[in-house]
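Okay, thanks for having me. Let me put the structure up on the screen, and then I'll walk you through a few places in it.

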There are 2 protein chains.
Amino acid sequence: MKRTAYFVSESTGITAETMGHSLLSQFDTVDFEQVYMPYINTEARARALCQRMDEAHARDGVRPVVFATMLDQEIAGILKAGDCFYLELFEHFVEPLSVELGVAPSRKSGQSHAITKPSHYTKRIEAINFAMANDDGMRPDNYRHADVVLVGVSRSGKTPTCLYLAMHYGLRAANHPITEEDFEHGDFPKEIIDARQHVYGLTIDAQRLQAIREERRPGSTYASAERCRRDIREAQTMFKRHSIPVLNTTNQSIEEIAAQILRAVKSPNGASA
Amino acid sequence: MKRTAYFVSESTGITAETMGHSLLSQFDTVDFEQVYMPYINTEARARALCQRMDEAHARDGVRPVVFATMLDQEIAGILKAGDCFYLELFEHFVEPLSVELGVAPSRKSGQSHAITKPSHYTKRIEAINFAMANDDGMRPDNYRHADVVLVGVSRSGKTPTCLYLAMHYGLRAANHPITEEDFEHGDFPKEIIDARQHVYGLTIDAQRLQAIREERRPGSTYASAERCRRDIREAQTMFKRHSIPVLNTTNQSIEEIAAQILRAVKSPNGASA
């Protein structure tokens, strides 16, 4: 059973996509074709989408689902009248929130992902630049300027997590790969130890690490089971020595890893509560 | 008037944060302290949050707002009984959606941002690696393997947009800075021209470009008004010559730029519809 779902908005559509995707994930037995439709901000675009809905209905044998956050009632009206199950995600909450806050809503679209707070936005962009410049152990002398330093064996998920932390939370995130040199020396470099208050370790199950490395360098020593197990074991010893908190990233998405790191950064002593 | 808002969930809390932030952006006259609270997945954590709510109420003089996507009714119950205006964002839609789909919801939390489709997740990670390896014109021979190549003068927003396109949409995004060499030569390098079917130009107002560059290299020729105007003008001439679509990024966030690029990639001939 295939079914089409559209995430629709007058602007970026990120809210409609995030919320719609979340709702659909509650119905994992249905095979959804998820279609992201940002900038449906003219009546012509709304009518073109209605035509796509008709085609989806004919193709799937069942009408599509539309998740929308629309503020323009004319455009919304065209979509609602289309051949679909239409869910407006915003409206239900705006009124009770308005009553609670004692303020009328602005009804302006595209506010959520626009640059409404330039200083906040600039911080995010600077964090991205910082993450790019401090990826993969490029500048150990910068670790002390970082909000977070992720440390782990090669291929444990450090780079994408740093980029996510920078992009979404504006954190200056650097990462340090535990190198052959570190293993020989038997410890992290001085810069990591000095910065340990904001260092977080990433680990991963040996079997999973081996699979990732094998794909990257098939048949290499680097990808051998023995080498993967040794890397992980010795990294654990080093983390323990310096009381660095460790997160196992096996089967976790970037979003899940990043949210846990953020939680740990914000409540360093309350992580276990 | 200051007011505290919490975005709460048992898992990453990304849906609660995205939706809550969107709703608050409709009330831009209120100064919100927005607090992201992922992984409220035990009763102890819920009770700790209730205590924070009490403190927020005392500090702000008004009760906090809670935007939640909770599936565990025990934990949700603790929060609802707390001193707050509680909005559950999910529940309202699950039942009607269930009726429409003819399927019961799984009621499992954390599905939306978990790795439920490994192939889709792997594609995103590979796209991030591609974006990192193909930033800033590092590998022009790879432009033909990219889904998108962003071209623009230095500081027009190429790098963060590429990372966003990779991270969120799994697009293999490369970027090419128009260099002094390109300006002297009077055209893009061959690799850009060959890949022009998926090349998008980014431009920016000269005044804004000057401000950004001035912050980076104060007093330099690079940051001069004349140089900024020349770079933008000549870039425009090149874009026109090769019929490359151009987006003005002045005052646009990464999310807005990325959503428009995605729209253009998906409907190359329908961008104006």
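Let's start with Asp231 of chain B, keeping in mind that this is a predicted model. Is Asp231(B) buried or exposed? With a relative accessible area of 4%, it falls under the 20% cut-off, so Asp231(B) counts as buried. You'll find Asp231(B) in helix α10 of chain B, residues 225–241. What does its side chain pair with? There's a polar contact of 2.7 Å between the side chains of Asp231(B) and Arg230(B). If you ignore neighbours within four places in sequence, Asp231(B) also touches Val153(B), Phe183(B) and Arg213(B).

Now zoom out to the sheet. In chain B, four strands make an open sheet in the order β6-β5-β7-β8, and the pairing is parallel. At the edges sit β6 (173–177) and β8 (246–248) of chain B, each pairing on one side only. From one strand to the next, the twist averages 25°. Take β7(B), residues 199–203: three bridges tie this strand to β8(B), and the two run parallel. One position to click on is Thr203(B), which stands opposite Asn248(B) in β8(B). Two helices to look at here: α6(B), residues 158–169, packs on the sheet and touches β5 (148–152), β6 and β7 of chain B, with its direction at about 170° to that of β6(B). Our helix from a moment ago, α10(B), packs on the sheet too, touching β5, β7 and β8 of chain B, and its direction makes about 155° with that of β7(B).

Let's hop over to chain A for a strand. How many residues of β6(A), residues 173–177, are buried? Five of its five, so to speak: the strand is mostly covered. As a reminder, in a regular strand the side chains alternate between the two faces of the sheet. In β6(A), Ala173(A), Asn175(A) and Pro177(A) are on one side, Ala174(A) and His176(A) are on the other, and all of these are buried, leaving both faces covered. The strand β5(A), residues 148–152, runs parallel to β6(A) and is joined to it by five bridges. Gly152(A), for example, is opposite Pro177(A) in β6(A).

Next, the nonpolar packing. Nonpolar side chains tend to be buried together in soluble globular proteins. Here the largest nonpolar core has 60 residues, and the ones with the most contacts inside it are Ile261(A), Leu165(B) and Ile261(B). What does Ile261(B) touch, leaving aside neighbours within four places in sequence? The list is Val148(B), Leu150(B), Leu165(B), Tyr200(B), Leu202(B) and Leu247(B). Apart from that core there's another one, of 40 residues, and its members include Phe27(A), Phe67(A), Val103(A) and Leu89(B).

On to the other sheet in chain B. Four strands again make an open sheet with parallel pairing, this time in the order β2-β1-β3-β4. The edges are β2 (31–37) and β4 (85–88) of chain B, each with a partner on one side only. The twist here averages 20° from one strand to the next. Strand β1(B), residues 2–9, is joined to β2(B) by seven bridges, with the two running parallel. If you want a position to look at, Arg3(B) has Phe32(B) as its bridge partner in β2(B). And here's where the other chain comes in: helix α4 of chain A, residues 91–101, lies across β1, β2, β3 (65–69) and β4 of chain B, at about 175° to β4(B).

Also in chain B, have a look at helix α1, residues 14–24. Nine of its eleven residues are buried, so α1(B) is largely enclosed by the rest of the structure. Among the buried ones are Ile14(B), Met19(B), Leu23(B) and Leu24(B).

One more spot that involves both chains: Gln111(B), in the loop between α4 (91–101) and α5 (118–133) of chain B. Its relative accessibility is 16%, so Gln111(B) counts as buried. Beyond its neighbours within four places in sequence, Gln111(B) is in contact with Ser25(A), Asp28(A) and Thr116(B).

Last thing, the two copies. Chain A can be laid on chain B by a turn of 180° and a shift of 0.0 Å along the axis, with an RMSD of 0.0 Å. The copies are therefore related as by a two-fold rotation axis. And 100% of chain A's interface residues are also interface residues in chain B, so the copies meet through the same surface.

How values were computed: Residues numbered from 1 in each chain as written. Chains lettered and ligands numbered in written order. Predicted model: local features only at pLDDT ≥ 70, side-chain atom pairs only at ≥ 80, totals over all residues. Heavy atoms only, no water. Pairing = 2+ DSSP bridges. Axes fitted to C-alpha atoms, helices over the stretch in contact; angles between N-to-C directions. Contact = heavy atoms within 4.5 Å. Core = buried A, V, L, I, M, F, W, Y, C linked by side-chain atoms within 4.5 Å. Buried < 20%, exposed > 50% of the residue type's maximum accessible area, 1.4 Å probe, protein only. Polar contact = N/O pair within 3.5 Å; in protein donor to acceptor, adjacent residues only side chain to side chain. Least-squares fit on C-alpha atoms with pLDDT ≥ 70 in both.
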